[in-house]
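Trainee: Please take one part of this model and look at it closely. Then set it beside the parts around it.

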Amino acid sequence: MKIPNIDLVKIWLKEGDSRNPGPWVKHSELVGNAAKIIAKKIDNLDENKAYIMGLIHDIGRTAGIAEERHTIDGYNFLKEKGYEDLARICITHCFPNKNIKANIGIWDCSENEYKFIKNFLLNCEYDDYDRLIQLCDCIAMEDKYVMMEKRLIDVVLRYNLKNQVPIGIPLLEKWKKYLEIKDYFDMVIGTSIYSFLPNVIENTFGLVNSNSK
Ligand SMILES: [Fe+2]
């Protein structure tokens, strides 16, 4: 897989931030850092590749404010830059169990793009990098790491209430899959992934960070 160097990725994120300013850039940095930290603990994962994939997963937001469309926008962005293999992460990070109906954002892309994503997922075999970015996306809020369950609730409260989408079985299956992915990485590492990420307990429970005393 062809991977861009870190300097280029940082330029893309900076350009994206000026075009569509928002917390997505800081969130992307947190996802990249978590992916790097976790990948370092696993023999067959490359920490630099994991870092770049985490940094780049939401690069579709560079195209402007969007909901589910940010997946295909990111895919197209990387494909146009010559990183077609890497582009998959912009789609796969949103679909842990490949069910397009489990997503709660608005499908603000064209019908053809929707069909493309659906077929892409059908034909795509996930590897540990896809699973790692799905995991890291789900423990990184806009500015901090938290326990996964807190992030899942946060997303539902923001999107489901805004879009008036009822919680259904596909969403619960998606949550279950996220929890399974976390268990999988805990098992591979031999302990909780939270033990390597800064301040998860403080951030999750609103405690004062003992390091800041
Ligand atoms: Fe994300």
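Mentor: Helix α4 is mostly covered, with nine of its twelve residues buried. A residue counts as buried if 20 or more other C-beta atoms lie within 10 Å of its own, as exposed if there are 12 or fewer, and as partly exposed in between, with C-beta atoms placed from the backbone. The model is predicted: local features need pLDDT of at least 70 and side-chain atom pairs pLDDT 80 or more, while totals for chains, interfaces and linings use all residues. Residues are numbered from 1 along each chain as its sequence is written. Helices (H or I, at least four residues) and strands (E, at least two) are DSSP runs, numbered from the N terminus.

The buried residues of α4 are Arg69, His70, Thr71, Ile72, Asp73, Gly74, Tyr75, Phe77 and Leu78. They pack against α3, α5 and α6 (111-122); a contact here means C-beta atoms, placed from the backbone, within 7 Å of each other. The length of α4 agrees with expectation, because its twelve residues should span 16 Å at 1.5 Å a residue and its end C-alpha atoms are 17 Å apart. The expected span is 1.5 Å times one less than the number of residues. Just after α4, Gly82 has a positive phi of about 95°.

Next, the core. α4 (69-80) is among the helices that each supply at least two residues to the largest nonpolar core, together with α2 (24-40), α3 (47-56), α5 (88-92), α7 (128-137) and α9 (169-189). That core has 47 residues, and those with the most contacts inside it are Ala34, Ala35, Leu132, Cys136 and Ile139. A nonpolar core is a set of buried Ala, Val, Leu, Ile, Met, Phe, Trp, Tyr and Cys residues joined through C-beta atoms within 7 Å. In soluble globular proteins, nonpolar side chains tend to be buried together.

The largest share of this core, eight residues, comes from α2. Like α4, α2 is mostly covered, with twelve of its 17 residues buried. The buried residues of α2, including Trp24, His27, Ala34, Ala35 and Lys36, pack against α1, α3, α7 and α9. From first C-alpha to last, α2 reaches 24 Å, close to the 24 Å expected. Ala35 touches Ala50, Tyr51, Met53, Gly54, Leu132, Ile133 and Cys136, leaving out residues up to four places away in sequence.

α3, one of the helices that α4 packs against, also meets α1 (residues 6-19). The two pack at an angle of about 10°, with axes 10 Å apart. Axes are lines fitted to C-alpha atoms, for helices over the stretch in contact, and angles run from 0 to 180 degrees between N-to-C directions. α1 and α3 are therefore roughly parallel: angles under 35 degrees count as such, over 145 as roughly antiparallel, 65 to 115 as roughly perpendicular and the rest as oblique. Ile6, Val9 and Leu13 of α1 meet Ile52, Leu55 and Ile56 of α3.

One residue in a loop remains. Lys98 is in the loop between α5 and α6, two helices that the buried residues of α4 pack against. Lys98 has a positive phi of about 65° although it is not a glycine. Lys98 is partly exposed, with 15 other C-beta atoms within 10 Å.
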